[in-house]
Amino acid sequence: MLKTYLKEQKRKKDILLMTHIVIGYPDFEQSLNIVETMVNAGVDMMELQIPFSEPIADGPVILKANQKALENGASVRECIEFAKQVSSRFDIPILFMTYYNILFKYGIERFARVMAENGLKGAIVPDLPPEESADYLKAMSDYNLAPIFIYAPTTSEQRMKYINEFAQGFIYCVARKGVTGAETSFASQLESYLSRCREATDLPLAVGFGVKSKKDVDYLKGKADIAVIGSQTIRLADQQGMAGVEDFIRGLR
Amino acid sequence: MDNRGYYSQFGGAFLPEILAATFDELEKMFEDVKNDPGFWQAYEEIMSSYSCRPTPLTFAGNLTDHFGGAKIYIKREDLNHTGAHKANNVMGQGLLVQRMGKKRVIAETGAGQHGVATATMAARFGFDCTIYMGEVDVERQRPNVFWMERLGAAVCPVKDGTRILKDAINEAFRDWVSNMDTTHYVLGTACGPSPFPEMVTYFQSVIGTEARAQILKVEGQLPARVYACVGGGSNAMGLFSGFLDDPVELVGVEAGGKGLNSGKHASRLCAEDASIGVAQGYKTYFLQNSDGQMRETHSIAAGLDYVGVSPILSDLKESGKARFEAATDTEVVEALSLTIQKEGVIPALESAHAFVQAFKEAPQLSKDDIIIINQSGRGDKDIFTVADAFDDPGWKAFITRKAKQYNA
Ligand SMILES: Cc1ncc(COP(=O)(O)O)c(C=O)c1O
C-alpha cells in the first residue's frame with residue numbers, strides 16, 4: 001500500500017520529495033531522460049501528467065508544457081506506454097496526474113485497470129472532487145490504486161474530514177490560493193494550515209504549489225511528509241538542461 | 001455544495017478543491033436570492049430603469065409577406081442597454097456581488113458583448129473589472145474592446161490554446177482561484193459548474209416570460225415554434241424558459257461554420273464530432289477528439305465559437321424537448337442581409353443564426369401559425385466582419401484613409 005510504503009520511507013528521511021513532469025514535453029525521449037535524472041538525484045515519488053487541452057488548475061509553465069506536448073501529438077495511448085516504461089525501469093512509486101476528461105473518455109474502469117497492469121500506484125485528478133467520484137473511487141479500489149485527494153487553505157476542518165474518508169495514499173495539500181508555478185511565501189500562515197491538515201487525516205501530507213528551493217523544503221521538514229516540486233524543475237530543464245535539474249534536486253535536502 | 005446541479009446525466013460541478021468554499025457561498029447566496037421577493041423586485045427595477053425591459057416584441061410584417069407562411073415576430077433583446085441579452089445576466093449577478101460584499105468582477109468574453117455588459121455593470125456599481133478575451137476575438141471584435149477599456153475594465157488578451165472563448169474561460173478560472181476572496185467571476189452563459197447554468201438561466205428567463213405574455217396579448221395564441229441561436233446557451237435558455245410547459249416547439253440553432261462535415265464549425269448538438277465529456281467544470285457535449293482533447297472550433301460569430309454547450313440544453317436535446325439545427329456562415333450573412341433590408345433591424349451575427357433556421361421553416365407553416373425569433377443582440381459590433389463579408393468598397397476605402405492618417 002502506498003501509505004505504508006511512504007510512512008516507511010519517511011522513517012529514513014526528514015522529508016520525501018515528489019517531482020512532476022508533463023509526459024511528452026519537450027518530447028518523449030527527453031521526458032524519459034528527465035525522469036532518469038530525477039530518480040538518480042534521489043526523488044522518492046513522481047507524478048506523470050497526461051497532457052490535457054484545458055488544464056485549469058495549472059499556471060503558465062505547466063500550461064505551456066501541456067500545449068507543447070499536445071502540439072507534438074502526444075496521445076493518451078503513448079502516455080500510458082511511457083508510464084509503463086518508467087515504472088518498470090525505476091523502483092519508486094509512479095502516479096498519474098491528469099484532468100478528469102482523460103479518464104472519462106478512456107473509460108474509468110479501463111483506465112484504472114491499465115494503471116494497475118502497468119505498475120502505477122495512484123492518481124491525482126485536480127478537477128474531480130469526492131462528490132463526483134463514485135465511479136472513479138470504485139475502480140481505483142477494485143485495482144488497489146490510491147485516489148489522491150486535495151486539501152486547500154480554503155478547505156474547512158469539516159470538509160477535510162469528509163475528504164479523508166475517500167482519500168488513500170497521501171493528501172496533496174495545496175500551499176496557497178492560485179495556480180501552479182506562482183510564488184508562495186512559506187510563512188506562519190502555512191504552519192497553522194498544515195497543522196489543521198495534520199489533525200484531519202493520518203495519511204502522509206504532501207505540500208505543493210510554489211516549492212522551489214532548499215529553504216522551502218527545510219521549512220516543510222517536521223510539518224509535512226512530502227515536498228512536491230512541479231513548475232520549478234520544468235523551468236530548470238528548459239533553461240539549464242539535465243545537469244541543472246540534477247544539481248537542483250540534490251541540493252534540496 | 002449540496003445541489004450538484006444535474007440535468008439527467010449533464011451538469012455537475014467538477015471543481016478544483018480551492019474553489020469548493022467559494023461555490024458553497026455562491027450556491028447559498030443564490031438560494032437566498034431566489035427566496036427573496038425583494039431581490040427580484042430590485043432586479044426588475046434596475047432592468048427597466050437602466051436597461052430597456054420589457055424589450056419589445058416586433059411583428060416582422062415584411063419578412064412574413066416575403067416568406068408567405070407563419071407570422072414572424074422578433075423578440076428585441078438587441079434593445080437592451082449594451083445591445084444584447086447579456087445585460088440580463090450581468091445585472092442580476094451584479095446585484096448578487098453587492099450582497100456578497102465583493103469588490104471586483106472578472107469575466108470571459110467571446111463576441112465582447114458579455115465583456116461590455118460586465119464592464120458597464122462594474123462602472124455603475126463601482127467594482128474593479130478585468131475581462132479575459134481570446135486574442136483572435138480581440139481582433140475580430142475590436143469595437144467592443146475599445147468600449148470595455150473606456151468603461152474602465154482591464155482587457156487581457158488570452159494567447160494560450162485556441163485563443164478564443166474557451167481559453168478566456170480557463171484564464172478567468174485561473175484568476176478566480178487566486179482572488180476569490182475579493183472577486184466574483186461573472187460567467188456569461190448557461191455553462192460551467194453548478195450553480196451557473198441554473199443561475200444564468202434564472203436571470204435570462206425574463207426573455208421567455210415577457211415574450212409569452214406579449215404574444216398572448218397581441219395574438220391571443222401561443223407561437224408554434226420559437227428560435228434562438230446557441231453559443232453557450234443563455235439566450236436560448238432564456239427564451240425557452242417561457243415555453244417549457246407549452247405545446248411550443250423549441251428550436252436552438254448552432255454555428256454550422258463552413259459546414260458540419262468540414263471540421264470547421266461549433267455545433268455540439270448536431271455534429272458527429274461531438275461527444276459527452278467533462279471540462280471547464282461541467283459535463284456536457286463537447287467538440288473533442290477520442291482522447292478527450294478539445295478541438296478547434298470555428299464560426300463567423302465569435303459568440304457562438306465555443307466547444308461546450310449548456311448542460312440544460314444537452315438534457316433538452318436528449319429528452320427530445322428541444323430540437324437543434326445548424327446554420328452555416330454563408331447562410332448567416334444572407335439572412336442578416338435580408339433582415340436588414342426588409343425590416344430595418346440589424347441582428348448580431350450570433351442572432352442571425354436563429355433567423356436562418358426560422359426562414360427555412362416559415363414557408364412550410366400555415367398563415368395561422370406564429371413563430372418568434374430571438375434577436376439576442378444588435379450587429380453594430382460586427383461592422384468589420386460584415387463589411388468584409390460584403391467586401392464593401394466604401395468601407396475599405398475609409399479604413400485605408402484612416403490608416404494613412406494614423407501613419408502620417
Ligand atoms: C448577441 C449574442 N448572441 C448570442 C450569444 C451566444 O451566447 P448564448 O448562447 O449564451 O446566448 C452571444 C455571445 O457572446 C452574443 O453576444
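Me: How do the residues lining the second largest pocket divide into nonpolar, polar and charged?
Reply: In this predicted model, that lining has four nonpolar, seven polar and six charged residues. The lining is made up of 17 residues, with A:Ser53, A:Gln67, A:Leu70, A:Glu71 and B:Met294 nearest the centre of the pocket. Leu and Met count as nonpolar, and Glu counts as charged.

Me: Which helix gives the most to the lining of the second largest pocket?
Reply: That is helix 3 of chain A, residues 60–71, with four residues. The pocket itself has a volume of about 360 Å³.

Me: How do you know where the second largest pocket lies with respect to domain 1 and domain 2 of chain B?
Reply: We look at who supplies the lining. Domain 1 (6–48 + 85–196) and domain 2 (53–83 + 205–389) of chain B both give residues to it, so the pocket lies between them.

Me: What makes up the lining of the largest pocket?
Reply: This pocket, with a volume of about 440 Å³, is lined by 24 residues. Nearest its centre lie A:Leu2, A:Lys121, A:Asn144, A:Leu145 and A:Ala146. Helix 1 (2–12), helix 7 (134–142) and strand 5 (146–151) of chain A are the elements that give two or more residues to that lining. By class, the lining splits into 14 nonpolar, six polar and four charged residues.

Me: Now to the enclosed spaces. How many cavities of 30 Å³ or more does a search of the whole structure find?
Reply: The search finds four. The largest holds about 370 Å³ of space. It is lined by 33 residues, and the closest to its centre are A:Ala57, A:Asp58, A:Tyr172, A:Thr180 and A:Phe209.

Me: What makes helix 11 of chain A stand out in the lining of the largest cavity?
Reply: Helix 11 of chain A gives the most to this lining, with three residues. Strand 6 (171–174), strand 8 (226–229) and helix 11 (231–250) of chain A each supply at least two. Sorted by class, the lining has 19 nonpolar, nine polar and five charged residues.

Me: How do you know where the second largest cavity lies with respect to the domains of chain B?
Reply: The reasoning again rests on the lining. Domain 1 and domain 2 of chain B both give residues to it, so the cavity lies between them. Its volume is about 280 Å³, and of its 28 lining residues, B:His85, B:Lys86, B:Ala111, B:Gly303 and B:Glu350 are the closest to its centre. Strand 5 (104–109), helix 5 (113–125) and helix 11 (234–241) of chain B each supply at least two residues. The lining has six nonpolar, 17 polar and five charged residues.

Me: Why are helix 4 and helix 9 of chain B called roughly perpendicular?
Reply: The axes of helix 4 (86–100) and helix 9 (196–204) of chain B cross at roughly 110°. Angles of 65 to 115 degrees count as roughly perpendicular, and therefore these two helices earn that description. Their axes come within 8 Å, and helix 4 of chain B passes helix 9 of chain B in a right-handed crossing.

Me: Why is helix 2 of chain B called oblique to helix 4 of chain B?
Reply: Helix 2 (residues 37–49) and helix 4 of chain B pack at about 130°, with their axes 10 Å apart. Roughly perpendicular ends at 115 degrees and roughly antiparallel is over 145, so helix 2 of chain B is oblique to helix 4 of chain B. Here, too, the crossing is right-handed.

How values were computed:
Residues are numbered from 1 along each chain as its sequence is written. Chains are lettered from A and ligands numbered from 1 in the order in which they are written. This is a predicted model: local features need pLDDT of at least 70, side-chain atom pairs count only at pLDDT 80 or more; totals for chains, interfaces and linings use all residues. Side-chain values use heavy atoms; hydrogens and water are left out. On a 1 Å grid over the protein atoms alone, a cavity is a set of points where a 1.4 Å probe fits but cannot get out, and a pocket is an open set with protein on both sides within 12 Å along at least five of seven lines; lining residues have an atom within 4 Å of a point. Grid points are joined across faces, edges and corners, and a volume is the space filled by probe spheres set on the points. Domain bounds come from an automatic or database domain assignment. Axes are lines fitted to C-alpha atoms, for helices over the stretch in contact, and angles run from 0 to 180 degrees between N-to-C directions. Angles under 35 degrees count as roughly parallel, over 145 as roughly antiparallel, 65 to 115 as roughly perpendicular and the rest as oblique. A crossing is left-handed if the near helix is turned anticlockwise from the far one by less than a right angle, and right-handed if clockwise.
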